[in-house]
Amino acid sequence: MAGDDMVAFFDTTLRDGEQAAGVNLNPAEKLQIARQLAALRIDVIEAGFPAASPGDFDCVETIAREVAGPTICALARAREDDIRAAADSLQPAEKSRIHVFIATSPIHLKHKLRMTPGQVLAEVERAVPFARSLAREVEFSAEDASRSEPEFLIKVFRAAVAGGATVINIPDTVGYAMPGEFARFVRTIIDGAAAPDGVVYSVHCHNDLGLAVANSLAAVGAGVRQIEGTINGLGERGGNASLEEVAMGLRTRRDIYGVNVRMDTSKLVTTSRLVSRLTGVVVPPNKPIVGANAFAHEAGIHQHGVLANRETYEIMRAEDVGAEAAVLVLGKHSGRHAFKGHLESLGYRLTREQLDKAFMSFKRLCDAKKDVSDGDIEALVADEVLSVAPEHRYDLKRLEYETHPVGVLSLVTLEHGGKELSDSAIGNGPIDAACLAVRRIIGIKPELHTFTVTATSARTSAQGETHMGVGYKGIAASGRGVSTDVVEASVKAFINAVNNLYVVAAAKGVKINGD
Ligand code: KIV
Ligand code: ZN
């Protein structure tokens, strides 16, 4: 764990990040992200919440087995079943941690838990030692800590430490805290809990007021030595603290914080791109550290200054975060070895079979398209290699559309269980009509929640890449589609989202019947 001058990074992209609306990652995608987090030298990966569903359990277990380097962590409520599921899923890990949490604020106790402070304390006294009996390392979190009474929080943390927790986490669950206030609060708790050496304090800040990074940095100033957050700030509502911003804040202003980080920050841009592509959550160009424009200077006066001396306008070097363009051109004559190396530089670590499949698709793409960009390659891997192949999946076989005075008519043929199923519909455009036709074929009517269209590169020959989030009877899923025809890419994304909907429903034990 972190020494006095080391700040550890706890990444919860795969747990809290995945709770973001419209985001759902399949097991193959989660494994890719976990591998990249290990390459980034993240200290702790929170791989999931095993008690939430059998699918979550399997993902944590797979990551625990396959990913070496970081500590693998699993979340559990302060309940025996949750803790047991977390411990079981972590069995194969080299280094593991159970993360036990319970809420401590008056509002959560009254309206959510319906428990008295004494009952919450008793739960902590039961749950933490139980977790410790099953795992070498236990982290304890007081949910909504920033809105809790300091005296009660101190009591709860003392109980957690007495029960064997060695990491004490202080979440700002609803993103309510202000930096100065939060730093004082954290200091009061650390002083009051008076934990022995070896106990590490941590914060977990949400970004509802845009202050998650500022609050995390303020907490480091107050003595915490673990920061929790996600890549790209992914997460529910306003998201979580962006780990890339906290890490570069600490690195760039070492003069203030006097701490070191183990993270290999030169892998930040690659990691950000991977998470963005697999989740479908686009990174704004002006996002600090990882946005496309984070190191771009447009204004003439800035360009002049930067050319004379970079430090006039640059406080970090593009290479420190991996933002400099790594130009390595791949084409139809590139071999499998070069292709594999290039994929790794893009953050993808594939198995032999996955690599074979990706390489064949890459060769096909090279035949169809003269200039194959990194975006094309990333889209190809995400779309064809990492997408789950559910037993009864639907695949797009044919798509045609034509304009009529009353609207656009789309004719769709899907392949399903070895059979071809066709239908048509009229809509206000080809995508609308095709999605209506798909709904008729599959016999359910998922609602569209999110829809984004991007290009795989800034060229007219780029492929369209679409992401759609759908919902049906309380189940949410997302899908991705890529094609040189954006209508086809959109329909593929819709079908992929429907396939994922069945996967999510099966993992949650929900049956999807026809409407
Ligand atoms: O935001 C929060 O309080 C959490 C806890 C489970 C740590 O995510
Ligand atoms: Zn959270």
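Author: Before we start, domain bounds here come from an automatic or database domain assignment. This is a predicted model, where local features need pLDDT of at least 70, side-chain atom pairs count only at pLDDT 80 or more, and totals for chains, interfaces and linings use all residues. Residues are numbered from 1 along each chain as its sequence is written, and side-chain values use heavy atoms, with hydrogens and water left out.

Reader: OK, so which domains is the chain divided into?

Author: Domain 1 (6–279), domain 2 (295–321), domain 3 (336–386) and domain 4 (394–508).

Reader: Let's take 1 and 3. How far apart are the C-alpha centres of domain 1 and domain 3?

Author: They lie 34 Å apart. Twelve residues from domain 1 and 13 residues from domain 3 make the contact, meaning heavy atoms within 4.5 Å.

Reader: And what area is buried between domain 1 and domain 3?

Author: About 1100 Å², with carbon and sulfur atoms giving 49% of that. Buried area is the accessible area (1.4 Å probe) that two parts lose on being put together, summed over both.

Reader: Which residues supply 44% of the area that domain 1 buries against domain 3?

Author: Gln32, Arg273 and Arg277, more than any other three residues.

Reader: Switching to charges: how many salt bridges between domain 1 and domain 3?

Author: Two, counting a side-chain nitrogen of Lys or Arg within 4 Å of a carboxyl oxygen of Asp or Glu.

Reader: What does arginine 277 form a salt bridge with?

Author: Glutamate 378, and the closest N and O atoms are 3.6 Å apart.

Technical notes:
Chains lettered and ligands numbered in written order.
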